[in-house]
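Me: I would like to go through this structure one point at a time, with the reasoning set out before each result. Please take the questions in order.
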Amino acid sequence: MTDLVEPGTAYGLRIAEPGHTLVVGLGNPILGDDGVGWRVIDELDELEHDEASLQQACVGGVSLMELLVGYRHAIIVDAIIDPDAEPGSVWCRPLSAVETQDASHLDSTHDAPLPAAIEAGRALGAVLPSDIEVVGIVIERGDVFGEQLSDVVAAAVPVAAAAVVGALRGLRPSSPQGETVHA
Amino acid sequence: MTRISIDPVTRLEGHGKIEILLDEAGDVEHTYFQIPELRGFESFCVGRPVEDMPALTNRICGVCPEAHHMAAAKAADAVYGVTVPRAGRMLRELLYNAFYVTDHATHFYVLSGPDLIMGPDAPKAERNILGVIKKVGAEVGGKVIDARKAGHRVIEIIGGRRIHPCTGVPGGMTKAISEEERDEIKALADGMIEFGSFSLELFDSMLADEAIEEIVKGDLYTHRTYYSGLVDAADKVTFYDGQIKVVAPDGEVFGQYDPKDYRDWISEKVEPWTFLKFPYLKGVGWKGLVDGKDSGIYTVAPLGRLNVASGMATPRAQEAYEKYFATLSPDGTPVHSRGATHWARLIELMQAAETVQQLVNDPEITSRDVRAIPTEVPTEGVGTVEAPRGTLTHHYWTDENGVITRVNLIVGTTNNYGPIAMSVDKAARSLISKGTIVTEGLLDRIEMGFRAYDPCFGCATHTMPGQMPMLVTIRDKDGNPLKELRRD
């Protein structure tokens with residue numbers, strides 16, 4: 001897709017130097033378990049590390065793509081609604097293996113699905129991560145206002161943080177089918 | 001008619017759930033459109049200081065946090081009875097109009113535009129932002145990204161953050177802008193206006209396509225409702241502040257009121273099959289999900305705003321407004337086709353861009369006098385803005401210490417719930433007749449119907465992909481399911 005633009009042209013999308021890894025926790029921090037992605041970033045921030053940039057965000061689609069511009073690798077931490085899985089379960093898999101309608105924030109009904117947004121960004125010449133891993137934390141519901149996580153989802157926060165660290169260090173390479181870290 | 005009871009607990013999370021009930025002849029008797037709703041916001045707010053509300057409420061929604069931030073700041077002003085200094089108000093308006101540029105650009109080019117630019121008959125897989133880039137070129141995609149980036153930069157300069165601004169407080173803003181920041185915004189404003197002109201020209205060229213013209217002018221999504229929206233003192237479209245004006249389907253002015261009096265004008269109808277209430281005009285009354293002068297259902301957002309005002313507040317937008325009405329309703333009566341909303345949205349984008357330029361060139365924009373410290377005992381206050389998706393009202397009650405005791409919110413999309421439900425019903429009726437159900441295209445037609453409204457039912461960043469997930473169940477006269485269409 002990059003042949004649509006001249007080399008070096010990126011239509012204002014180049015906002016960070018490539019070569020870094022971004023870990024972005026998605027969610028709404030005032031919507032109960034929906035905000036678990038933010039809590040995982042808080043947990044990671046407590047750890048001693050210099051392997052990645054950390055960010056909390058409440059965006060999807062094109063806005064999320066714009067956050068990823070310039071990074072070589074990315075890990076997205078997000079709440080997942082999956083009636084077939086136990087709340088508090090944590091898994092790690094490539095973005096291409098994620099059913100995006102189950103992930104709370106990878107897309108937006110007012111915007112574009114993240115995979116389409118990434119393709120569009122590349123078509124515009126943006127430098128975007130060559131691989132994106134998703135660490136998903138299964139929640140039961142994310143539609144009730146509150147700043148507290150449920151007990152079962154709160155217990156999953158350190159597990160998800162460990163999954164992120166594992167992915168960062170290449171200790172836990174994901175399979176195409178994904179890997180359940182904890183259930 | 002068979003009564004259908006829908007257990008809301010079992011609704012499919014994140015899906016627009018639609019139940020279509022047929023009569024004995026196999027025609028559509030009723031269409032029920034349900035949507036998910038977030039819960040517990042009032043109890044979440046009670047007990048918090050009112051000055052926290054602008055920062056808190058902008059977390060309600062991942063799509064238009066700036067609108068909630070502004071409505072909350074205005075409501076907090078009213079709670080304390082404080083008047084914002086001119087420079088503080090201009091900064092709020094500057095931020096808010098820059099937000100309009102980003103929001104309307106995203107909606108047109110990423111969400112609704114693909115249906116128009118690619119054509120409604122293009123394969124679904126191509127009707128997205130990537131298809132648009134392939135068809136019209138990377139340069140256009142770049143313009144969209146640049147317009148969004150410019151708007152976000154203005155929001156960051158004034159609001160302190162690129163997303164979820166935090167500088168609106170009771171009495172004004174927490175910080176002024178420097179002359180260097182003003183000069184940066186000036187340069188960005190020029191680009192916004194250029195983008196607005198480009199977008200309007202692009203839309204003009206698209207109207208030559210008969211299929212597009214049918215969407216914009218056609219009868220499929222036409223509803224002759226009342227319209228409502230803010231107007232300024234000169235009766236022009238405004239987004240930040242003004243009076244609410246209401247016009248009838250024939251264009252007659254129904255009334256005009258101060259937003260704080262909204263409860264004298266608006267009631268909400270509770271229906272047993274949905275959590276969300278249907279707002280309607282008290283003075284007309286509830287007649288069900290029907291249009292016409294006897295039905296109190298009204299429409300807001302771009303279509304409503306352009307229909308109630310006598311024009312736009314800026315010159316280039318006014319020129320586009322005149323062309324819009326000359327094309328769609330030469331006698332100046334309201335434009336009823338929902339497809340025209342896309343055009344109206346671009347005209348608003350132009351006004352927002354021009355307003356950014358006007359405000360940033362005001363000599364007082366860098367004044368340090370951006371906040372009046374509240375001194376009155378707090379009580380109760382209403383803050384209303386025009387969010388991109390319709391009139392947004394925050395209403396707070398506090399104790400004498402400014403601690404929230406009660407909250408009422410009417411979000412933009414809620415105002416449009418009735419018209420959206422009617423559009424979904426009309427789309428269903430167009431493809432179901434005498435027991436024959438044309439399933440091909442039914443989901444697309446329904447989706448295109450409510451996309452014009454850009455509904456934000458979750459009013460948060462909740463699980464909704466760019467392609468609206470839907471579950472449509474069609475039932476016979478006895479309520480037995482005949483067919484289920486689902487798209488994830």
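Me: B:Asp235 is an unusual backbone case, so to start there, is B:Asp235 buried, partly exposed or exposed?
Reply: This is a predicted model, and in it B:Asp235 has a positive phi of about 70° although it is not a glycine. The residue sits in the loop between strand S5 (226-231) and strand S6 (243-247) of chain B. Because a residue needs 20 or more other C-beta atoms within 10 Å to be buried and 12 or fewer to be exposed, the 17 found around B:Asp235 make it partly exposed.

Me: B:Ala301 also has a positive phi; what is the value of that angle, and is the residue buried or exposed?
Reply: Most residues other than glycine have a negative phi. B:Ala301 belongs to helix H10 (residues 301-308) of chain B, and its 30 C-beta neighbours inside 10 Å place it among the buried residues. Although B:Ala301 is not a glycine, its phi is positive, at about 75°.

Me: What pattern of helices and strands does chain A follow along its sequence?
Reply: Chain A has four helices and six strands, and buried residues make up 56% of its 183 residues. Among its contacts with a separation of 6 or more, 82% join residues 24 or more positions apart. Read along the sequence, the order of elements in chain A is β-α-β-α-β-β-α-β-α-β.

Me: How are helix H1 (residues 36-46) and helix H4 (residues 151-168) of chain A oriented to each other, and which handedness does their crossing have?
Reply: The two helices pack with their axes 9 Å apart and at an angle of about 60°. That angle makes H1(A) oblique to H4(A), and the crossing of H1(A) with H4(A) is right-handed.

Me: Which residues of H4(A) take part in the contact with H1(A)?
Reply: The residues of this contact divide into nine nonpolar, no polar and two charged. From H1(A) the participants are A:Val36, A:Arg39, A:Val40, A:Glu43 and A:Leu44, and from H4(A) they are A:Val153, A:Val157, A:Pro158, A:Ala160, A:Ala161 and A:Val164.

Me: Which residues touch the most other members of the largest nonpolar core?
Reply: In soluble globular proteins, nonpolar side chains tend to be buried together. Leaving aside residues up to four places away in sequence, A:Val164 touches A:Val23, A:Val40, A:Leu44, A:Ile75, A:Val77 and A:Val135. Of the 199 residues in the largest nonpolar core, those touching the most other members are A:Ala160, A:Val164, B:Val154 and B:Ile347.

Me: How do helix H3 (residues 65-80) of chain B and H4(B) pack, and how many nonpolar, polar and charged residues make up their contact?
Reply: The axes of H3(B) and H4(B) are 10 Å apart and form an angle of about 155°. Such an angle makes H3(B) roughly antiparallel to H4(B), and the crossing of H3(B) and H4(B) is left-handed. On the H3(B) side B:Glu66, B:Met70 and B:Ala73 meet B:Arg92, B:Leu95, B:Tyr96 and B:Phe99 of H4(B). By class, the contact of H3(B) with H4(B) has five nonpolar, no polar and two charged residues.

Me: With which residues is B:Asp103 in contact, leaving aside its neighbours within four places in sequence?
Reply: B:Asp103 lies in helix H4 of chain B, and it counts as buried, with 25 C-beta neighbours inside 10 Å. B:Arg345, 242 residues away in sequence, is 9.9 Å from B:Asp103 in space, C-alpha to C-alpha. Once the neighbours within four places are set aside, the contacts of B:Asp103 are B:Cys64 and B:Pro388.

Me: How far apart are the C-alpha atoms of B:Val360 and B:Thr333?
Reply: B:Val360 lies in helix H12 (residues 341-360) of chain B, where it is buried, with 25 other C-beta atoms within 10 Å. Beyond its neighbours within four places in sequence, B:Val360 is in contact with B:Leu94, B:Arg182, B:Ile185, B:Lys186, B:Ala189 and B:Ile365. Although B:Val360 and B:Thr333 are 27 residues apart along the chain, their C-alpha atoms are separated by 35 Å.

Me: How many residues of helix H15 (residues 442-451) of chain B are buried?
Reply: The buried residues of H15(B) include B:Leu442, B:Leu443, B:Ile446 and B:Phe450, and B:Arg445 and B:Arg451 are buried as well. Helix H15(B) is mostly covered, and the number of its ten residues that are buried is eight.

Technical notes: Residues are numbered from 1 along each chain as its sequence is written. Chains are lettered from A and ligands numbered from 1 in the order in which they are written. This is a predicted model: local features need pLDDT of at least 70, side-chain atom pairs count only at pLDDT 80 or more; totals for chains, interfaces and linings use all residues. A nonpolar core is a set of buried Ala, Val, Leu, Ile, Met, Phe, Trp, Tyr and Cys residues joined through C-beta atoms within 7 Å. Two residues are in contact if their C-beta atoms, placed from the backbone, lie within 7 Å. Axes are lines fitted to C-alpha atoms, for helices over the stretch in contact, and angles run from 0 to 180 degrees between N-to-C directions. Angles under 35 degrees count as roughly parallel, over 145 as roughly antiparallel, 65 to 115 as roughly perpendicular and the rest as oblique. A crossing is left-handed if the near helix is turned anticlockwise from the far one by less than a right angle, and right-handed if clockwise. Ala, Val, Leu, Ile, Met, Phe, Trp, Tyr, Cys and Pro count as nonpolar, Asp, Glu, Lys and Arg as charged, and the others, Gly among them, as polar.
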